[in-house]
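Student: I've got a model to look at and a few questions about its contacts, strands and surface. Can we go through it together?

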Amino acid sequence: MAVTLRMNSGLHLCKNHPWSRHCLAFYPAVPHPVVYINSYRRPGLPPDKTPFWKKTDFSIKNGVNSVKKHFGLLMKEAADHLRGPNGKKPYGRICWSRQAWCGSSESQKIWTNDVEIGGKSQAFLKIGNNSQTALFYGVLNNDVPRDGETRFSGYCTLRTKAPKGSFNRKLSYDWSNFNILHLRIRGDGRPWMVNIQSETYFSAQWDDLYNYFLYTRGGPYWQDVKIPLSKFFLTSRGRIQDGQFPLWPDKASTTITTLGFTLADRADGPFHLEIDFIGLCKDQAHTEEFAYEHYQYKPL
């Protein structure tokens, strides 16, 4: 059964990074392989019929710890609301750029690959040699599992965890003042896909993602990539949708929950992607709302 590894410990402040005055950092001792947790069930495997009460810890100790955790988060949220974003006072704050994630903040990242559907790819995540970057690396394998149903395989994905507040309330990222996604990366020349997921309200939209291409140059030099949010196009389960809608972070109907990277270029072999930081910028000269044309679909 697939289990997902989520890193929830080992946090401390990353003070040396030029962008990371308030970012959290996680330093694992050794690179961790990929493990998963999701609702996908491989073809031919029996469903898990274990009752939910056998999977839940009803002990008094666990209940007390949960109450302490969630009330602590509630107090922290109230204090952050009074202090302002990132501990700064609301007044006198200039929002021209913001760091979304620094490369060493590993506690909020999840990585996955095609092992959950029976594939043979391998993916690992570790801190870079300078202890300031995140290195996502592994081996891509496009061998299709022989289960009689799966037709395609060969992908590796790194994404952030959806933020949650006290009492497991769903939260989102505030990108309302920005229109440019700024990445500082170092890759191996492979083409990647940048994924942005927004909050959805219907089950038919659970697999919707906003995507754009990321072409790495390879070599020892860092690459600064700026992608306007208007360039992202809508996909569902890897397929580009006929009906396209812009990604509007400043609209109440579009709330950003996760950001990720996917490699699926059908080329077997090793890969690596090193991330220094992921930031957001405000370009006053960029006035484009959506880069793609809208077509009126008239069924026959």
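Tutor: Sure, and keep in mind that this is a predicted model. One definition before we start: a polar contact is a pair of N or O atoms within 3.5 Å, where one must be able to donate a hydrogen and the other to accept it.

Student: Good. Which side chain makes a polar contact with the side chain of Thr235?

Tutor: Thr235 is found in strand β13, and its relative accessibility of 5% counts as buried. Leaving out residues up to four places away in sequence, Thr235 touches Asp207, Asp208, Leu209, Asn211, Ile240 and Gln241. The side-chain polar contact, at 2.3 Å, is with Asn211.

Student: On to charges. How many salt bridges does a search of the whole structure find?

Tutor: Side chains of opposite charge can pair when their charged atoms come close. The cut-off here is a side-chain nitrogen of Lys or Arg within 4 Å of a carboxyl oxygen of Asp or Glu. Searching the whole structure on that basis gives 10.

Student: How many residues apart in sequence are the parts that Asp276 and Arg184 tie together?

Tutor: Asp276 and Arg184 form a salt bridge whose closest N and O atoms are 2.7 Å apart. Asp276 lies in strand β16 (residues 269-281) and Arg184 in strand β9 (residues 180-186), so the pair ties together parts whose separation in sequence is 92 residues.

Student: Is Asp276 buried or exposed?

Tutor: Buried means under 20% relative accessible area. Arg184, at 24%, counts as partly exposed. Asp276 has a relative accessible area of 8%, so Asp276 is buried.

Student: And in the salt bridge of Arg190 and Asp188, which residue is partly exposed?

Tutor: The side chains of Arg190 and Asp188 meet at 3.9 Å, N to O. Arg190 has a relative accessible area of 11%, which makes Arg190 buried. At 26%, the partly exposed residue is Asp188.

Student: Where in the chain does Glu288 sit, given its salt bridge with Lys231?

Tutor: The closest N and O atoms of Lys231 and Glu288 are 3.8 Å apart. This pair links distant parts of the chain, 57 residues apart: Lys231 is in the loop between β12 (223-228) and β13 (233-236), and Glu288 is in the segment after β16.

Student: Which residues are joined into one network by salt bridges that share partners?

Tutor: We've already met the salt bridge between Asp276 and Arg184. Salt bridges with shared partners make one network of Arg184, Asp224 and Asp276.

Student: Let's turn to strand β15. Which residue in β15 is the bridge partner of Ser198?

Tutor: Strand β15 (residues 256-263) is mostly covered, with eight of its eight residues buried. Strand β10 (residues 191-198) runs antiparallel to β15, and six bridges join the two. Opposite Ser198, the partner in β15 is Ile256.

Student: And which residue in β15 does Cys156 stand opposite?

Tutor: Here the neighbouring strand is β8 (residues 156-160), joined to β15 by four bridges in an antiparallel arrangement. The residue in β15 opposite Cys156 is Leu263.

Student: Last one, on the surface: what is the area of the nonpolar patch that includes Leu74?

Tutor: Leu74 lies in helix α1 (residues 60-83). With 36% relative accessibility, Leu74 counts as partly exposed, and patch residues need over 30%. Together, Val67, Phe71, Leu74 and Phe167 make a nonpolar surface patch of about 360 Å².

Technical notes. Residues numbered from 1 in each chain as written. Predicted model: local features only at pLDDT ≥ 70, side-chain atom pairs only at ≥ 80, totals over all residues. Heavy atoms only, no water. Patch = residues over 30% accessible without salt bridge, like charges linked within 9 Å, V, L, I, M, F, W, Y side chains within 5 Å. Areas by Shrake-Rupley, 256 points an atom, 1.4 Å probe, with all protein chains shown as cover. Buried < 20%, exposed > 50% of the residue type's maximum accessible area, 1.4 Å probe, protein only. Pairing = 2+ DSSP bridges. Contact = heavy atoms within 4.5 Å.
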